[in-house]
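Please open the model in a viewer and keep the sequence panel at hand. The tour below proposes one selection after another and says what is to be found at each.

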Amino acid sequence: MQKILKKLHWLDFFVLGCVIAFFWYVIVQMSGNLNYSWRWEKIPNYIFKYHTGREEWFANVLLQGLFITVRVSIYASVLALFLGVILGIARCSDNLVIRMLARTYLEILRNIPPLVVIFIFYFFLAEQLIQAFSVEDWSYKVAKMENNHFWEFFCGDMRRFPSLVSGVIVLALFESAFVGEIVRAGIQSIDRGQREAAKSIGMTNFQEMRYIILPQAMRKIMPPMANQFITLIKDSSIISLISVQELTYKTAELVSSTHMIFEAWLTTAMFYFVICFGLSLLFSKLEPNKA
């Protein structure tokens, strides 16, 4: 602690004091001018709550939403990575048609507001897929089963499984455009001489990509890919608009029923910050240059 204090300059303390003064001023103004009554003591009950009948603690509204956010983020990131790698490889294809199709997809998604993209994918694709594969009927059958703990652990409430699938699909399709550009940049950063050397020893395009290009490209794209995963977690709040009951959706419900506007949203912001900042520290430790 003393070492850290010695490294700090007087200007650091001045900036810290300004930040504290600013937040104190905001709190005073809210309490006075807005006549807002803070109720922080009630927030823990909306995270964990004790059920007197069952005599056990259970996850309440905010924690339920956090679990769904984590599930959606993990599943969407896996699907976005899979699609992004395909798009990235297609962007570097020798076939002009494949290259242009991939570029068209990437450019359209990168230059349209996320909210518009989410609604387009939801109404024109996700809903159609759910109906085509009878996902809703299957999920309700699983929800009625007695031993469905496996599905509940990975998917939550199976009655809302279709909305979870919709959220994962639309989020993954949107994020795959950015992942595809990261993969494309990683592939093109590999020296062309290595590709020519692979061809000279008789490797096919698939073998060249599998054994020479992708292993090297993946090491280079790890930092931006990690940053994109963190961005995906924050972008998951958008799917609350298509009724996916993740953290932002649950917070909005809590605010509408309790009118604890600032407490609820500040708690939600804290949840997002802890997850994203924690992942940022983890990924920084896993970077090759910091190993």
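Begin with the aromatic rings: a search of the whole structure finds 12 aromatic pairs, where rings of Phe, Tyr and Trp (its six-membered ring) pair if their centres lie within 6.5 Å, and planes under 30 degrees apart count as stacked, over 60 as edge-to-face and the rest as tilted. Select Trp-38 and Trp-40, whose rings form a stacked pair with 6.0 Å from centre to centre and 5° between the planes. Trp-38 has a relative accessibility of 23% and counts as partly exposed, and Trp-40, at 39%, is partly exposed as well; here buried means under 20% relative accessible area, exposed over 50%, and partly exposed in between (1.4 Å probe, protein chains only).

Before going further, note that this is a predicted model, in which local features need pLDDT of at least 70 and side-chain atom pairs count only at pLDDT 80 or more, while totals for chains, interfaces and linings use all residues. Residues are numbered from 1 along each chain as its sequence is written, and side-chain values use heavy atoms, with hydrogens and water left out.

Which aromatic pair is found at Phe-119 and Phe-123? The centres of these two rings are 6.0 Å apart and their planes stand at 15°, so the pair is stacked. Both residues belong to helix H5 (residues 114-132), where, being 4 residues apart, Phe-119 and Phe-123 are separated by about one helical turn. Phe-119 is partly exposed with a relative accessible area of 30%, and Phe-123 is partly exposed at 47%.

Next, select Trp-138, Phe-150, Trp-151, Phe-153, Phe-154 and Phe-161 together, since these residues form one aromatic cluster.

Now zoom out to the whole chain. It has 12 helices and 2 strands, with helices (H or I, at least four residues) and strands (E, at least two) taken as DSSP runs and numbered from the N terminus. Followed along the sequence, the elements give the pattern α-α-β-β-α-α-α-α-α-α-α-α-α-α. Turned onto its principal axes, the C-alpha trace spans about 75 × 65 × 35 Å. The chain has a radius of gyration of 24 Å, whereas a compact globule of 291 residues would have one near 19 Å; the radius is taken over C-alpha atoms, and the globule rule is 2.2 Å times the number of residues to the power 0.38.

If the viewer can colour by accessibility, do so here: 37% of the 291 residues count as buried. The chain exposes about 18300 Å², and carbon and sulfur atoms supply 66% of that area, computed by the Shrake-Rupley method with a 1.4 Å probe. Among contacts between residues at least 6 apart in sequence, 69% join residues at least 24 apart, a contact meaning heavy atoms within 4.5 Å.

For a buried site, go to Glu-208 in helix H10 (residues 205-235). Glu-208 has 0% relative accessibility and counts as buried. Leaving aside neighbours within four places in sequence, Glu-208 is in contact with Arg-195, Ala-198, Lys-199, Met-203 and Ile-213, which can be shown as sticks for inspection.

Move to Val-61, which lies in helix H3 (residues 61-91). Not counting residues up to four places away in sequence, Val-61 touches Tyr-46 and Lys-250. A distance drawn from Val-61 to Phe-229 spans 25 Å, C-alpha to C-alpha, for a separation of 168 residues in sequence.

A second distance starts at Thr-104 in helix H4 (residues 96-110), a residue that is partly exposed with a relative accessible area of 41%. Thr-104 and Ala-185 are 81 residues apart in sequence and 16 Å apart in space, C-alpha to C-alpha.

Finish with backbone geometry in two loops. Where is Ser-134 placed? Ser-134 is in the loop between H5 and helix H6 (135-144), and has a positive phi of about 50° although it is not a glycine; with 37% relative accessibility, Ser-134 counts as partly exposed. The last stop is Ser-243, in the loop between H10 and helix H11 (247-258). Ser-243, which is not a glycine, has a positive phi of about 65°, and at 43% relative accessibility counts as partly exposed.
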